[in-house]
Amino acid sequence: MEMPLSLRMAKSVEERYRPGMMLWHYEHGLVLYASLRAADIHGDKSIYPWVYAMYDRLIGNDGSIATYREGEYNLDQINAGKTLFALADRSGEKRFEAAADKLHHQLLNHPRCKCGVFWHKEIYPWQIWLDGLYMEGPFTAEYAVRHSDNTALLDIIEQLKVTYSLLRDTETGLLYHAYDESRGMRWSDERTGCSPHFWSRSIGWYLMAVVDVLDFLPETYQSRAELVAIAKELSAAVLRFQDESGMWWQVTDEGTRNGNYLETSGSAMFAYAFYKGVRKGHLEASFLPYAKKALNGIKDRYLKEDENGFLHLGGICSVAGLGGNPYRDGSFRYYISEKIRVDDFKGVGPFILACTEDELS
């Protein structure tokens, strides 16, 4: 029997990413979380020991996390914590619960905009980035449910709703990458506070956050219907910009503009959200063919097999941000200027997740 693609990709990552190589970083957490998800779906017992070994060296007996500093107030640092729940459940080791407690403690003290949404990082004051909602949202939701913390659960729901209302463009229905409440950044619009362009991966982070947070809300839960409505509305907006190849462009609405390219991570995120949205009943079944088209488009264009049978995934934007030094102005030219990489975890992780949903459909 042929190995499912999600597992083949996870085992390809395992072959070149070994214990001792993990950093406490969102993309490392993402690819390990996705790999464990693939293993669980298919009953594969070989992935968990590898994931355990990767985290083992970073988590102290007291729950301390190597290289993590709460005082950075960096939402990116929370995402790797999602796998701590599975590690705690399966190993029975209290240190993994203690590490999750430390991440939660950061969020109790994390600075917020006046609108109530977390700053993306302390070094980006008064700024909301779409990325941040995924980095902490699903972690917060699961932590809240496990600790019967309704206040925390309501908080992340409200942050998702406020972010959607602030960053949504009424003409396209898409979400801008970021928002500056202070209007102090050169990239922020004086009227709206938003950055100037739509970046597919950032929209993908947000849409994945919505469908993943919904996993932790009972059918009768307050505000659940509002999140489902956001998932439907944003998915419909995103769908309008899908290319004939099945993929989405790096700058979502700019199509074949010179320098723009079909980008893997955002396309995989949209595929994942569509697949899962249909499976969970948040989206109409009509989204399923578009999810399949997206995944097939990625495979056709960017998935390669090496001479040893391991898989490699290309077409992944290495990074994109705003502000900082050197200054990133959020222009079209900026988004197309960042390096395009092969096997970057920010693309591989969502690709594995999209494959798992395809295999469940």
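What follows is a short chat about the cores, pockets, cavity and one helix of this predicted model.

Reader: Let's start inside. Which residues touch the most other members of the largest nonpolar core?

Author: The general idea comes before the case: in soluble globular proteins, nonpolar side chains tend to be buried together. Here, the largest nonpolar core has 116 residues, and Trp24, Tyr55, Tyr206 and Phe351 touch the most other members. Apart from it lies another core, this one of 13 residues, including Trp187 and Phe332.

Reader: Let me pick one of those. What is Tyr206 in contact with, leaving aside its neighbours within four places in sequence?

Author: Tyr206 meets Leu130, Leu133, Leu160, Thr163, Tyr164, Leu175, Ile230 and Leu234.

Reader: Now the pockets. What lines the largest pocket?

Author: A handy way to read a pocket is to ask for its volume, then its lining. The largest pocket holds about 420 Å³. Its lining has 19 residues, and Tyr33, Arg37, Glu142, Asp215 and Phe216 lie nearest the centre. By class, that lining splits into 8 nonpolar, 1 polar and 10 charged residues.

Reader: And which helices each supply at least two residues of that lining?

Author: Helices H2 (26–42), H4 (82–91), H6 (130–146) and H10 (264–279) do. H4 gives the largest share, 5 residues.

Reader: How does the second largest pocket look, class by class?

Author: Its lining has 7 nonpolar, 4 polar and 4 charged residues. The volume is about 260 Å³. Of the 15 lining residues, Arg168, Tyr176, Arg191, Thr192 and Cys194 lie nearest the centre, and helix H7 (residues 150–167) gives the most, with 3 residues.

Reader: What about closed space: how much lies in the largest cavity?

Author: A cavity differs from a pocket in that a 1.4 Å probe fits but cannot get out. The largest cavity here has about 50 Å³ of space. Strand S1 (127–129) and H6 are the elements that give two or more residues to its lining, and H6 has the largest share, 3 residues. Among the lining residues are Leu75, Trp129, Leu133 and Glu136.

Reader: Back to H10. Is that helix largely enclosed or open, and why?

Author: Count its buried residues. For H10, 15 of the 16 residues are buried, so the helix is largely enclosed by the rest of the structure. From first C-alpha to last, H10 reaches 22 Å, close to the 22 Å expected at 1.5 Å a residue.

Reader: What follows H10?

Author: Gly281, whose phi is positive, near 85°.

Key
Residues are numbered from 1 along each chain as its sequence is written. This is a predicted model: local features need pLDDT of at least 70, side-chain atom pairs count only at pLDDT 80 or more; totals for chains, interfaces and linings use all residues. Side-chain values use heavy atoms; hydrogens and water are left out. A nonpolar core is a set of buried Ala, Val, Leu, Ile, Met, Phe, Trp, Tyr and Cys residues joined through side-chain atoms within 4.5 Å. Buried means under 20% relative accessible area, exposed over 50%, partly exposed in between (1.4 Å probe, protein chains only). Contact means heavy atoms within 4.5 Å. On a 1 Å grid over the protein atoms alone, a cavity is a set of points where a 1.4 Å probe fits but cannot get out, and a pocket is an open set with protein on both sides within 12 Å along at least five of seven lines; lining residues have an atom within 4 Å of a point. Grid points are joined across faces, edges and corners, and a volume is the space filled by probe spheres set on the points. Helices (H or I, at least four residues) and strands (E, at least two) are DSSP runs, numbered from the N terminus. Ala, Val, Leu, Ile, Met, Phe, Trp, Tyr, Cys and Pro count as nonpolar, Asp, Glu, Lys and Arg as charged, and the others, Gly among them, as polar. The expected span of a helix is 1.5 Å times one less than its number of residues.
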